[in-house]
Amino acid sequence: MKGLLLGAIAFVLACGGAKDQKAGGVADNTKSTPGAAQAPVSGGGSVAGTVTFTGTAPANPKIDMSEEPACKSKYTTPPVDPVVVVHNGNLQNVFVYVKSGLPANQKFEAQTREVELDQEGCLYQPRVLGVMVNQPIKIKNSDPVLHNIKAVPKKNRGFNISQPQQGMETERAFATEETPVPIECNVHGWMHGDVFVMSHPFFAVSDENGSFKISGLPPGTYTIEAWHEKLGTKTATVTVTGTEEAKASFSFGT
Ligand SMILES: [Cu+2]
């Protein structure tokens with residue numbers, strides 16, 4: 001009984017550590033929320049590093065939100081589609097994950113923690129999200145306008161959900177690994193997001209400092225892939241031994 005209780009407390013603590021990172025407001029829509037959705041994995045080693053961008057970042061497309069004043073009013077500067085987000089040479093919204101090297105046929109338990117995909121300021125927050133197979137995704141409309149969320153998978157079952165009112169929430173999950181499932185809005189042609197559906201919990205999304213960390217890895221040599229929606233992919237080979245933090249760095253740009 002005591003062991004069970006301690007286990008329950010440890011579980012609560014572990015979940016409490018998995019705070020949802022929420023960027024403050026959308027006044028600067030280049031600072032969207034990182035989309036690492038997995039709960040922290042304790043024990044094992046980790047792979048951490050930075051994703052950088054060298055050269056001049058391509059200009060992001062301006063968004064004409066004049067027909068959606070409720071969204072437009074959330075921005076202090078003219079809204080842009082945050083495709084390539086670079087701060088001080090560091091690249092945000094890169095999905096970094098273990099592509100190969102895990103023991104063959106090893107199954108990882110599904111995550112039950114619900115992760116949020118919000119629509120705010122007529123953009124997806126976060127823009128890049130990682131979940132495990134069958135992990136619940138809460139799709140939310142924080143705007144007082146109609147959004148229609150359309151998932152366009154190749155392997156999974158798609159969906160098309162209308163959320164006409166602010167505060168509406170719909171839960172969905174994907175049953176099959178897919179990297180990534182594009183998300184679109186039928187109402188606002190500029191809205192775009194990507195949901196990575198993973199069979200294991202070893203992934204992260206680079207934050208506004210370009211930083212990422214993948215935790216809980218068993219010892220081994222892994223191929224790590226860094227994916228960016230416009231700039232493509234980079235890979236690195238990293239060896240994890242014991243519990244230390246192995247480094248991996250990725251550089252995009254010219
Ligand atoms: Cu929309």
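Which residue lies over the face of F159? That would be R172, at 5.8 Å from the ring centre. The legends below take this contact and several others in turn; keep in mind that the model is predicted.

**Figure 1. The whole chain, before zooming in.** Here we have 254 residues, 47% of which count as buried. The secondary structure comes to 19 strands and two helices. Long-range contacts get a good share: among contacts between residues at least 6 apart in sequence, 66% join residues at least 24 apart. The accessible surface comes to about 12300 Å², with 52% of that belonging to carbon and sulfur atoms.

**Figure 2. The copper ion and its four donor atoms.** Two histidines, a cysteine and a methionine do the job: H147 and H188 each coordinate through ND1, C185 through SG and M191 through SD, at 2.0 to 2.6 Å. Along the chain, the donors follow the spacing H-x37-C-x2-H-x2-M. Why call the arrangement tetrahedral? Because the angles subtended by the four donor atoms run from 96 to 135°, and the cut-off asks that all angles lie between 85 and 135 degrees. For reference, ideal tetrahedral angles at a metal are 109.5 degrees. As for the sulfur donors, C185 has 6% relative accessibility, so it counts as buried. M191, at 2%, is buried as well.

**Figure 3. F95 stacked on F196.** The structure holds eight aromatic pairs, and one of them is F95 with F196, a stacked pair at 3.9 Å centre to centre and 10° between the planes. This pair links distant parts of the chain, with F95 in strand β4 (residues 95–100) and F196 in strand β13 (residues 192–198), 101 residues apart. Both rings belong to buried residues. Step back a little and F95 and F196 turn up in a cluster, linked by ring pairs with Y97, F203 and W227.

**Figure 4. F108 meeting F202 edge-to-face.** In this aromatic pair the ring centres are 5.3 Å apart and the planes sit at 90°. Again distant parts of the chain are linked: F108 is in the loop between β4 and β5 (115–120), F202 is in the loop between β13 and β14 (203–205), and 94 residues separate them. Are the two partners buried or exposed? F108 is partly exposed, with a relative accessible area of 21%, whereas F202 counts as buried at 2%.

**Figure 5. Charged residues over ring faces.** Back to the opening view: R172 lies over the face of F159. A lysine does likewise elsewhere, with K234 over the face of F252, at 5.6 Å from the ring centre.

**Figure 6. Two cis peptide bonds, each leading into a proline.** One joins Q125 and P126, with omega about 0°. P126 has its place in the loop between β6 (123–125) and β7 (128–132). Another joins T179 and P180, where omega is about -10°. P180 lies within a strand, β12 (residues 178–185).

**Figure 7. Positive phi at N93 and C122.** Neither is a glycine, yet N93 has a phi of about 65° and C122 one of about 55°. Look for N93 in the loop between β3 (90–91) and β4, and for C122 in the loop between β5 and β6. N93 is buried, with a relative accessible area of 2%. C122 is buried too, at 0%.

Note on methods
Residues numbered from 1 in each chain as written. Predicted model: local features only at pLDDT ≥ 70, side-chain atom pairs only at ≥ 80, totals over all residues. Heavy atoms only, no water. Donors = N, O, S within 2.8 Å, 3.2 Å for Na, K, Ca; no water. Tetrahedral: all angles 85-135°; square planar, octahedral: opposite > 155°, others 65-115°. Buried < 20%, exposed > 50% of the residue type's maximum accessible area, 1.4 Å probe, protein only. Helix = DSSP H or I, 4+ residues; strand = E, 2+ residues; numbered from the N terminus. Contact = heavy atoms within 4.5 Å. Areas by Shrake-Rupley, 256 points an atom, 1.4 Å probe, with all protein chains shown as cover. Phe/Tyr/Trp six-rings, centres within 6.5 Å; stacked < 30°, edge-to-face > 60°. Lys NZ or Arg CZ within 6 Å of the ring centre and 35° of its normal.
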